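Student: I'd like to learn how to read a protein model feature by feature. Could we take one together, starting with a single residue and working outwards?

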Amino acid sequence: MRVGLTGGIASGKSTVSSILRELGAVVIDADQIAREVVAKGTPGLAAVVEAFGAEMLTPDGELDRPRMGALVFADEARRKVLEGIVHPLVFERYAELEASAPTDAVVVHDIPLLVESGRAAEFDAVIVVDAPEETQVERMVRDRGWTEDEARARIAAQATREQRRAVATYLIENTGTREDLRRKVTEVFAELAAA
């Protein structure tokens, strides 16, 4: 059972991912893999340095993520070069992890930009974690120290709630307590595991 998991920023997707892992799902985290494939000493990081120069490294030889982000988000052509390096490595690692999962496993692909990448149809089911925009903004200001404008700009850069909800096989509204969330996730997992 291949499941896509997504949600807007500060919706609680990471918490849902953790609960699913605790319940026995094999969770494959896109962001984590994207960091791993360009970690210090990897061929991915070497390819990034070849394409963008050694100035993209921190003094200790790691990828300078803020600097790289500032460069590629201001220049679509450079962003496409970076994606051309990172995406094939991520997909290769995805395939390895999925192939190593037990045949009866619920394999959850935690993909923040699932809707934006147009990949929802690749999965047997899609879980969308949702929260109202005001709740997302409140969480980002409180938990991440962002300004309200920064929070709203990040929300605006992602798919809309309606776009995410439209691809949901399972919609998890995250507006209650952590216990409420755990109960909802447990119910969804039980259905997935039974399918």
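Tutor: Gladly! Let's begin with Ala-10, which sits in the loop between S1 and helix H1 (13-23). Keep in mind that this is a predicted model.

Student: What is the phi of Ala-10?

Tutor: The general idea comes before the case. Most residues other than glycine have a negative phi. Ala-10 is not a glycine, yet its phi is positive, about 60°.

Student: Is Ala-10 buried or exposed?

Tutor: The cut-off for buried is under 20% relative accessible area. Ala-10 has 13%, so it counts as buried.

Student: Which residue in a helix touches Ala-10?

Tutor: Arg-139 does, and its contacts beyond four places in sequence also include Ser-11, Gly-12, Ala-131, Arg-144 and Asn-174. Arg-139 belongs to helix H6 (residues 133-144).

Student: Arg carries a charge in your count. Is Arg-139 buried or exposed?

Tutor: Apply the cut-off again. The relative accessibility of Arg-139 is 15%, so this residue counts as buried.

Student: Now the strands, please. How do I read the overall order of elements?

Tutor: Count the elements, then follow them along the sequence. Here there are nine helices and five strands, and the pattern runs β-α-β-α-α-α-α-β-β-α-α-α-β-α.

Student: Which strands pair with S1, and in what sense?

Tutor: For pairing, look at the partner, the direction and the number of bridges. Strand S1 (residues 2-7) runs parallel to S4, with five bridges joining the two. S1 also pairs with S3 in the parallel sense, over four bridges. To find the register, look for residues that stand opposite one another: Val-3 faces Ala-125 in S4, and Arg-2 faces Val-107 in S3.

Student: And which strand does S4 pair with over four bridges?

Tutor: That is strand S5 (residues 170-173), again in the parallel sense. In that pairing, Ile-127 stands opposite Tyr-170.

Student: How many residues of S4 are buried?

Tutor: Six of the six residues of S4 (residues 125-130) are buried, so the strand is largely enclosed by the rest of the structure. A useful habit is to check each face separately. On one side you have Ala-125, Ile-127 and Val-129, on the other Val-126, Val-128 and Asp-130, and all of them are buried. S1 is mostly covered too, with five of its six residues buried.

Student: Could we look inside S3 as well? Which residues does Val-108 touch?

Tutor: Val-108 is in strand S3, and its relative accessible area is 0%, so it is buried. Leaving out residues up to four places away in sequence, Val-108 touches Val-3, Leu-5, Leu-20, Ala-25, Val-26, Val-27 and Ile-28. You can also compare sequence separation with distance in space: Val-108 and Glu-98 are ten residues apart along the chain, and their C-alpha atoms are separated by 9.4 Å.

Student: Where is Asp-110, and is it buried or exposed?

Tutor: Asp-110 is in strand S3 (residues 107-110). Its relative accessible area is 2%, so it is buried. Its contacts beyond four places in sequence are Leu-5, Lys-13, Ser-17, Val-27, Ile-28, Asp-29, Ala-30 and Tyr-94.

Student: How far apart in space are Asp-110 and Arg-139?

Tutor: They lie 20 Å apart, C-alpha to C-alpha, with their positions 29 residues apart in sequence.

Student: Let's zoom out. How does the radius of gyration compare with that of a compact globule?

Tutor: The idea is to set the value beside what the chain length suggests. For 195 residues, a compact globule would have a radius of gyration near 16 Å; this chain has 18 Å, which agrees. The C-alpha trace spans about 50 × 45 × 30 Å along its principal axes.

Student: What share of the contacts joins residues at least 24 apart?

Tutor: Among contacts between residues at least 6 apart in sequence, that share is 69%. As for burial across the chain, 40% of the 195 residues count as buried.

Student: What about the surface and the charges?

Tutor: The accessible surface comes to about 10500 Å², and 52% of that belongs to carbon and sulfur atoms. For the charges, compare the mean positions of the two signs: those of the 24 positive and 34 negative charges are 2 Å apart.

Note on methods. Residues numbered from 1 in each chain as written. Predicted model: local features only at pLDDT ≥ 70, side-chain atom pairs only at ≥ 80, totals over all residues. Heavy atoms only, no water. Rg over C-alpha atoms; globule rule 2.2 N^0.38 Å. Buried < 20%, exposed > 50% of the residue type's maximum accessible area, 1.4 Å probe, protein only. Contact = heavy atoms within 4.5 Å. Areas by Shrake-Rupley, 256 points an atom, 1.4 Å probe, with all protein chains shown as cover. Charge placed at Lys NZ, Arg CZ, Asp CG, Glu CD. Pairing = 2+ DSSP bridges.
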